[in-house]
Amino acid sequence: MTDRGMQELALLLLTALANSPRHGYAIAQEVKAITDGRVAPRTGALYGALDRLLAEGLIQVEREEVVGGRARRIFALAPAGRERLEAEAERMAATAREVRRRLADGIAPA
C-alpha cells in the first residue's frame, strides 16, 4: 500500500461495494447516488477501473449470471478492499481534521 491517496473513481467504486455486492450498472448508479450526481462513470472508465481493482485483489467477482441473454458479473468488496477503504477513510479524515484546525486558527496567507 502507498501513502498516496486513491483515485476518486476507485474510492467511489469501493464505497459503492462496501455494504452490498452489485453488478456494473448498479455500481454506476450507486456512485451517482453517493456523489449526488456529481460523478457518473462512463462504461469504459467503470469497467476499466473494476478490472484494475480486481487485478489488485481489492474486489472479487461474487458470481456471474445471465440476465436477458447477457452475461453479468456481480462484484463484491474483497477483504483487502475493505482494509484499503478503511485506511483511505482514516487518511481523508485526518486531512479534514487538519483543514478544520487551520481554518479555525484563522491564519491568513502571506
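The paragraphs below go through the strands, the helix that packs on them, and the salt bridges of this predicted model.

A convenient place to begin is the sheet, in which three strands are arranged in the order β1-β3-β2, the sheet being open and its pairing antiparallel. The edge positions belong to β1 and β2, each of which pairs on one side only. Across the sheet lies helix α1, made of residues 8–17, which packs on it and touches β1, β2 and β3, while the direction of the helix makes about 90° with that of β3.

The two pairings can then be taken in turn. Strand β1, which covers residues 22–23, runs antiparallel to strand β3, residues 70–77, and the two are joined over two bridges. Within this pairing, His-23 is the residue that stands opposite Ile-74 of β3. On the other pairing, strand β2, spanning residues 59–67, is matched with β3 in the antiparallel sense over eight bridges, and here Arg-63 stands opposite Ile-74 of β3. Ile-74 is therefore a useful landmark for the reader, since His-23 stands opposite this residue and Arg-63 does as well. The connection between β2 and β3 is a hairpin with two residues between the strands, and in its turn Gly-68 has a positive phi of about 60°.

A record can be set beside this geometry. An unreviewed UniProt entry carries the annotation "domain: Transcription regulator PadR N-terminal", which covers residues 13–86. In the model, the end C-alpha atoms of residues 13–86 lie 14 Å apart, and the span is 50% helix and 26% strand.

From the backbone we turn to charged side chains. In general, side chains of opposite charge can pair when their charged atoms come close. The structure holds 11 salt bridges, and Arg-63, already met in the strand pairing, takes part in more than one of them, as the next two contacts show. With Glu-62, the closest N and O atoms are 2.7 Å apart, and with Glu-65 the N to O distance is 3.4 Å. As for their surroundings, Arg-63 is partly exposed at a relative accessible area of 40%, Glu-62 counts as partly exposed at 42%, and Glu-65 is likewise partly exposed, with a value of 25%.

A further salt bridge is found in helix α4, where the side chains of Asp-105 and Arg-101 meet at 2.9 Å, N to O. Both residues lie in this helix, which comprises residues 79–105, and they are four residues apart, about one turn of the helix. Asp-105 is partly exposed with a relative accessible area of 42%, and Arg-101 is partly exposed at 41%. Salt bridges elsewhere share partners, and in this way Glu-62, Arg-63, Glu-65 and Arg-72 are joined into one network. Arg-63 thus links the two parts of this account, standing opposite Ile-74 of β3 and belonging to the salt-bridge network.

Terms used: Residues are numbered from 1 along each chain as its sequence is written. This is a predicted model: local features need pLDDT of at least 70, side-chain atom pairs count only at pLDDT 80 or more; totals for chains, interfaces and linings use all residues. Side-chain values use heavy atoms; hydrogens and water are left out. Two strands pair if DSSP finds at least two bridges between them. Contact means heavy atoms within 4.5 Å. Axes are lines fitted to C-alpha atoms, for helices over the stretch in contact, and angles run from 0 to 180 degrees between N-to-C directions. UniProt positions are given in the numbering used here, feature names are shortened, and annotations may be inferred rather than shown by experiment. A salt bridge is a side-chain nitrogen of Lys or Arg within 4 Å of a carboxyl oxygen of Asp or Glu. Buried means under 20% relative accessible area, exposed over 50%, partly exposed in between (1.4 Å probe, protein chains only).
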